[in-house]
Amino acid sequence: MLATLGLGVLIALPAVLVQMGVMAAGAALGIADPASPQTLVQSAFTAFVVAAVVEEFLKFAVLWWFAARRDAFDEPMDGIVYGAAARLGFAAIENVLYVFGQWSSGGGVGGAFGLALVRALTAVPTHASCGIIMGACIGVARFTPQMRGLWIALGLAGAIGVHGVYNFGAFAMG
């Protein structure tokens, strides 16, 4: 469990690097604004493609290629537990980076605390919910080989969808 949580933290660096590349590609195509999304199309691209797709595929990799291969992953319900663990590890480091960024860019202690509170009440439950969705599907996929592809696709689509909708709301409002 701790290794899965730790891998959730560690995938934050590759996530940022891949997201930078995807954002640059989107900017080159005119559908992304690296400074901040200005239109609904830019917000949707950033929310769904840059953030949700990239992050959820990396979290899927931790869940499917690491956690689901462990002997302790011995029943479908384990997918939910390991899925939530990977995502909460990721959420922890992501929140630290966002809050530190707010503080260091002139937001001060008050701005950083406010952002930490908002993220604790919204981003953390969203990450956990995506972990539960994907984890439930991965748990079934692990023990239902004849429908594995369908369950994996459902888990990815569900997590990407929920994550993208959350981010889109945040980006569109900003």
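Q: Hi! Which exposed residues does the face of α2 turned away from its buried side carry?

A: That face of α2 carries the exposed residues Leu13, Leu17, Met20 and Ala28. Exposed stands for over 50% relative accessible area, buried for under 20%, and partly exposed for anything in between, with a 1.4 Å probe and protein chains only. Helices are DSSP runs of H or I with at least four residues, strands are E runs of at least two, and numbering goes from the N terminus.

Q: Before we go on, what kind of model is this?

A: This is a predicted model, where local features need pLDDT of at least 70 and side-chain atom pairs count only at pLDDT 80 or more, while totals for chains, interfaces and linings use all residues. Residues are numbered from 1 along each chain as its sequence is written, and side-chain values use heavy atoms, with hydrogens and water left out.

Q: Thanks. Back to α2: which of its residues are buried?

A: Ala12, Ala15, Gln19, Met23 and Gly26. They are on the same side of α2, because they cover an arc of only 65 degrees around the axis. The arc is taken from the directions that run from the helix axis to the C-beta atoms.

Q: And what covers them?

A: The cover over the buried residues of α2 includes α1 (2-10), α3 and α4. Just after α2, glycine 30 takes a positive phi of about 80 degrees.

Q: How does the span of α2 compare with what its 17 residues should give?

A: The two agree: at 1.5 Å a residue α2 should span 24 Å, and its end C-alpha atoms are 24 Å apart. The expected span is 1.5 Å times one less than the number of residues in the helix.

Q: Switching to α1, what does leucine 5 touch?

A: Leucine 5, in helix α1, touches Ala85, Leu88 and Gly89, not counting residues up to four places away in sequence. Contact here means heavy atoms within 4.5 Å. Leucine 5 and glycine 89 are 84 residues apart in sequence, yet 4.7 Å apart in space, C-alpha to C-alpha.

Q: Is leucine 5 buried, exposed or partly exposed?

A: Leucine 5 counts as partly exposed because its relative accessibility is 34%.

Q: Now the pockets. What volume does the largest one have?

A: About 990 Å³. Of the 34 residues that line the largest pocket, Thr46, Glu94, Tyr98, Arg119 and Phe171 are the closest to its centre. Elements giving two or more residues to the lining are α2 (12-28), α3 (40-66), α4 (78-121), α5 and α6 (148-173).

Q: How is a pocket defined, and how do you get a volume?

A: On a 1 Å grid over the protein atoms alone, a pocket is an open set of points with protein on both sides within 12 Å along at least five of seven lines, and lining residues have an atom within 4 Å of a point. Points are joined across faces, edges and corners, and the volume is the space filled by probe spheres set on them.

Q: Which helix gives the most to that lining?

A: α4, with ten residues. By class, the lining of the largest pocket has 19 nonpolar, eleven polar and four charged residues. Ala, Val, Leu, Ile, Met, Phe, Trp, Tyr, Cys and Pro count as nonpolar, Asp, Glu, Lys and Arg as charged, and the others, Gly among them, as polar.

Q: Last one: what about alanine 141 in α5?

A: Alanine 141 lies in helix α5 (residues 123-143) and counts as buried because its relative accessibility is 0%. Leaving aside neighbours within four places in sequence, alanine 141 is in contact with Trp64, Arg148, Trp151 and Ile152. Its C-alpha is 5.3 Å from that of tryptophan 151, ten residues away in sequence.

Notes. On a 1 Å grid over the protein atoms alone, a cavity is a set of points where a 1.4 Å probe fits but cannot get out, and a pocket is an open set with protein on both sides within 12 Å along at least five of seven lines; lining residues have an atom within 4 Å of a point.
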